[in-house]
Amino acid sequence: MVSLLVRFIILLAVCCGFSFAVQAENTPKSSQNPQVETIKKPSYIPRYYNPTINQTGILGLNLVPNARMDAVGMVRAGSATDDPYLHAFLGFQLAEPFYVSLRQTGEVSNLADVADNLYPGLDFKLLLWNETATRPAIAFGADSAFGHKRLSSEYFVMSKKLKHFDVTGGVAWGRLGSQGHIKNLLIAISDSFDQDRDYNSPQPHDPSDWFRGGQIGFFGGVEYFTPIKGLSLKADYGAIDYIGAQENIEGFKAPSPWSASLNYQPEFSSIMPLTLSAGVVGVEKFMARFSLQHQAQNTRLKSWDNKIAPPVILPRLKDLENKTAVDLLLKSARPTALQVGHAARTLTDQIPEDQETLPIQLRYQGLKGSVLTIVRRDLEKAVTQGTVSPEEIWRDASLKDFDGDSDYDATIEMGQRIALKFFLDSKLSLSEEDAGMLFRSSLLAETKAALPFGFNLGATAKLNLEDNLHNLALLRPATQTPIRSDEDLYTQDILYPENLYLSWLHSLSTDMHVGLTAGYLEEAFAGYGGEILYRPFGKTFAVGAELWNAHKRNPSQTSGLKLFDENHVSGHLNLHYEVPYQFAKRDITASLKLGRYLLGDYGGEFNLKTTFDNGTSMEGYIAATELSDTNLVGGASHLFGGVRLSMPLGSIPYVPDGSAVRFTTEPIGRDAGQKLNIPLPLYEATEPFAYRRLSRSWMNLLD
């Protein structure tokens with residue numbers, strides 16, 4: 001068990017730190033973008049103020065949380081020990097007010113022993129009010145919001161900075177308040193809140209269990225930031241009485257409810273800060289923790305090379321005379337405005353001298369966006385004299401709907417539009433009580449060829465590198481209709497055809513797009529279906545629908561090329577909302593999917609995705625379905641969730657644009673609530689020419 005935990009921690013550290021090995025000298029000058037705002041700390045915060053984590057990996061004191069949040073894009077990985085637990089965790093600051101952490105907790109009496117039990121959980125914290133000079137920060141959070149009941153808690157907490165001190169106080173339900181200082185006030189609303197928790201229950205903890213318990217407890221403490229940079233002292237007093245451990249571990253005695261620790265962040269770890277902590281719980285127990293953390297958006301990382309101009313399809317001579325827009329075939333990995341700048345400079349050498357404007361039709365994978373028209377004089381002055389700024393070019397430029405009757409020359413050389421990408425995929429599940437953690441890793445080579453008239457041909461080959469799914473059949477009882485519960489069968493072949501498909505994408509207008517796809521759609525399914533998407537240009541919302549008919553691939557027959565007879569019909573209504581940049585200071589998209597899943601069950605999924613200027617993205621989701629199935633603790637639940645992290649690799653020499661390292665943590669082998677992994681989702685296909693992508697990258701126009 002210890003080896004599994006160590007392996008888990010190493011994997012998390014690699015995900016946090018891999019990007020430093022692929023830094024490039026040529027990076028987008030995002031610091032020049034007026035929409036990118038530097039976070040400034042209030043004057044009453046010490047310059048060396050840097051909050052650290054508690055034992056379960058959430059920002060806090062020692063055993064209790066505080067109301068602090070990381071900067072958006074922070075990734076934290078680490079481990080902690082406090083008798084009788086050993087914790088390993090991976091956390092993401094997905095948005096300014098929202099932090100989520102995946103935690104695996106093992107019950108051990110000695111670090112060299114194998115864990116007797118595992119208590120995984122998904123923890124989160126939501127900032128309710130920011131701190132001001134007169135008001136504390138206030139947050140709501142939950143430990144094991146979805147997971148095992150042993151460490152489950154819900155709490156409200158407030159924190160206030162007083163010069164070099166950060167004072168915290170809060171109230172908690174569940175484990176953090178298990179000493180029970182007062183009666184649970186929510187009992188007055190409903191008697192259901194009076195039900196005590198069974199901290200050793202095999203049933204998973206979910207929102208229906210939140211705020212339950214006959215009594216609640218209070219906690220508080222302080223962190224002092226010493227004059228020594230990076231060194232702080234923490235002390236807290238809580239209401240944890242270790243009920244579950246006392247019931248489950250013979251001879252275990254709960255320690256005193258107070259704790260104290262020293263916390264240090266060495267200066268030499270500025271590239272990837274390392275935090276070390278050591279302390280005591282009462283006078284009986286020793287505790288220690290460490291973490292690695294990094295802000296993903298600060299990494300000098302990209303997946304494109306601005307020295308290589310993107311392909312520009314020039315109009316025929318008669319079109320030049322009619323001043324028809326040039327077709328720019330966008331690449332998804334590069335900033336849109338960078339490609340526009342290359343295309344515009346190419347045009348100035350090709351079009352007649354008396355043509356005063358540069359009309360450019362934005363395209364991607366057969367779809368059409370708006371026609372962007374740049375004033376030629378502005379661009380020439382900006383390039384040759386440096387007297388015109390990108391902002392001035394934007395002010396004089398115009399955007400209009402494309403002409404639905406025009407089309408580019410279908411005889412263009414297809415080789416210009418073949419894209420090759422590589423993906424290093426890692427997937428981890430904390431859900432296996434008997435097997436510890438399940439994981440799999442693979443290397444994918446993906447190619448797409450854009451054909452005439454909006455057709456696209458795609459293929460992906462997967463190299464299965466390593467996994468421990470051999471016990472999946474024991475943990476997942478055989479079902480008559482497996483969806484993902486037989487995932488181990490798809491790792492048997494070292495080389496496996498992930499997908500092979502033909503799609504047709506077409507724009508009915510600047511705002512309305514359709515797509516049809518057929519073939520081997522993903523690892524486990526082949527079939528056909530389509531999407532329609534309404535994404536008004538310049539608006540922050542999009543509405544779409546999809547419908548698919550799929551057959552399960554037989555992994556034991558010719559590498560999954562043969563299909564089972566039974567078909568699976570699925571479909572969803574998709575709603576997307578771009579959180580305004582002025583509010584979020586980041587590119588954040590919230591999505592809601594409602595409909596029918598592959599097993600025939602109905603439900604929905606909420607998704608929050610944050611994308612940074614350097615190409616890194618973080619994504620978290622929570623899904624609910626009418627059927628219960630495997631969740632974080634190996635039990636049955638209607639709810640499940642996961643987190644995804646993607647970091648681009650294209651800045652490494654000889655690695656193609658758009659390549660990435662991808663890490664996902666979610667339940668492996670779940671049948672309920674499963675949808676197809678579509679190779680060309682319409683929302684992603686329209687992103688390269690979306691207004692947000694164009695305007696946010698405009699400062700790259702002249703790079």
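A residue counts as buried when its relative accessible area is under 20%, as exposed when that area is over 50%, and as partly exposed in between. With 14% relative accessible area, Q365 is therefore buried. That small piece of reasoning will come back several times in this tour. Please keep in mind that the structure shown here is a predicted model.

## The whole protein

Let us start with the overall picture. The protein holds 10 helices and 32 strands. Of its 703 residues, 58% are buried. Its accessible surface is about 29300 Å², and carbon and sulfur atoms account for 57% of that area. How do the contacts spread along the sequence? Among contacts between residues at least 6 apart in sequence, 62% link residues at least 24 apart.

## Two loop residues with positive phi

Q365, the residue we opened with, sits in the loop between β17 (357-364) and β18. Although Q365 is not a glycine, its phi is positive, at about 50°.

K163 also has a positive phi, near 55°, and is likewise a residue other than glycine. Its place is the loop between β7 (153-162) and β8 (165-174). Is K163 buried or exposed? With a relative accessible area of 68%, K163 is exposed.

## Around strand β18

The strand that follows the loop of Q365 deserves a visit of its own. β18 covers residues 367-375, and T373 is part of it. T373 has a relative accessibility of 14% and so counts as buried. Which residues does T373 touch, once neighbours within four places in sequence are set aside? They are T357, L358, P359, A397 and S398. T373 and K400 are 27 residues apart along the chain, and their C-alpha atoms are separated by 8.4 Å.

## A pair of helices

Next come two helices, α4 (residues 336-348) and α5 (residues 376-384). Their axes come within 11 Å and cross at roughly 100°. Angles from 65 to 115 degrees count as roughly perpendicular, and α4 and α5 are therefore roughly perpendicular to each other. Where do they meet? On the α4 side the residues are A344, R345 and T348, and on the α5 side they are R376, L379, E380 and V383. Sorted by class, this contact has 3 nonpolar, 1 polar and 3 charged residues.

## Salt bridges

Side chains of opposite charge can pair when their charged atoms come close. How many salt bridges does a search of the whole structure find? The count is 33. Three of them are set out here.

| Salt bridge | N to O distance |
|---|---|
| K285 and D83 | 2.6 Å |
| E578 and R535 | 2.9 Å |
| D396 and R395 | 3.5 Å |

We can take these pairs in turn, beginning with K285 and D83, whose side chains meet in a salt bridge. K285 belongs to strand β14 (residues 285-295), while D83 is in the loop between β1 (74-82) and β2 (85-95), so this pair ties together parts that are 202 residues apart in sequence. The two partners fall into separate classes of exposure: K285 is buried, at 16% relative accessible area, and D83 is partly exposed, at 25%.

D83 has another feature worth a look. The peptide bond leading from D83 to P84 is cis, with omega near 15°. P84, too, lies in the loop between β1 and β2.

For D396 and R395, the exposure values are as follows. D396 is partly exposed, at 36% relative accessibility, whereas R395 is exposed, at 59%.

The third pair is E578 with R535, whose closest N and O atoms are 2.9 Å apart. E578 lies in strand β27 (residues 563-579) and R535 in the loop between β25 (525-534) and β26 (541-553), so their salt bridge ties together parts that are 43 residues apart in sequence. Are E578 and R535 buried or exposed? Both E578 and R535 are buried.

Salt bridges can also share partners, and in this protein such sharing joins K427, R440, K462, E487, E498, E523, E619, R644 and E666 into one network.

How values were computed:
Residues are numbered from 1 along each chain as its sequence is written. This is a predicted model: local features need pLDDT of at least 70, side-chain atom pairs count only at pLDDT 80 or more; totals for chains, interfaces and linings use all residues. Side-chain values use heavy atoms; hydrogens and water are left out. Axes are lines fitted to C-alpha atoms, for helices over the stretch in contact, and angles run from 0 to 180 degrees between N-to-C directions. Helices (H or I, at least four residues) and strands (E, at least two) are DSSP runs, numbered from the N terminus. Angles under 35 degrees count as roughly parallel, over 145 as roughly antiparallel, 65 to 115 as roughly perpendicular and the rest as oblique. Contact means heavy atoms within 4.5 Å. Ala, Val, Leu, Ile, Met, Phe, Trp, Tyr, Cys and Pro count as nonpolar, Asp, Glu, Lys and Arg as charged, and the others, Gly among them, as polar. Buried means under 20% relative accessible area, exposed over 50%, partly exposed in between (1.4 Å probe, protein chains only). Accessible areas come from the Shrake-Rupley method with a 1.4 Å probe; for residues, only the protein chains shown count as cover. A salt bridge is a side-chain nitrogen of Lys or Arg within 4 Å of a carboxyl oxygen of Asp or Glu.
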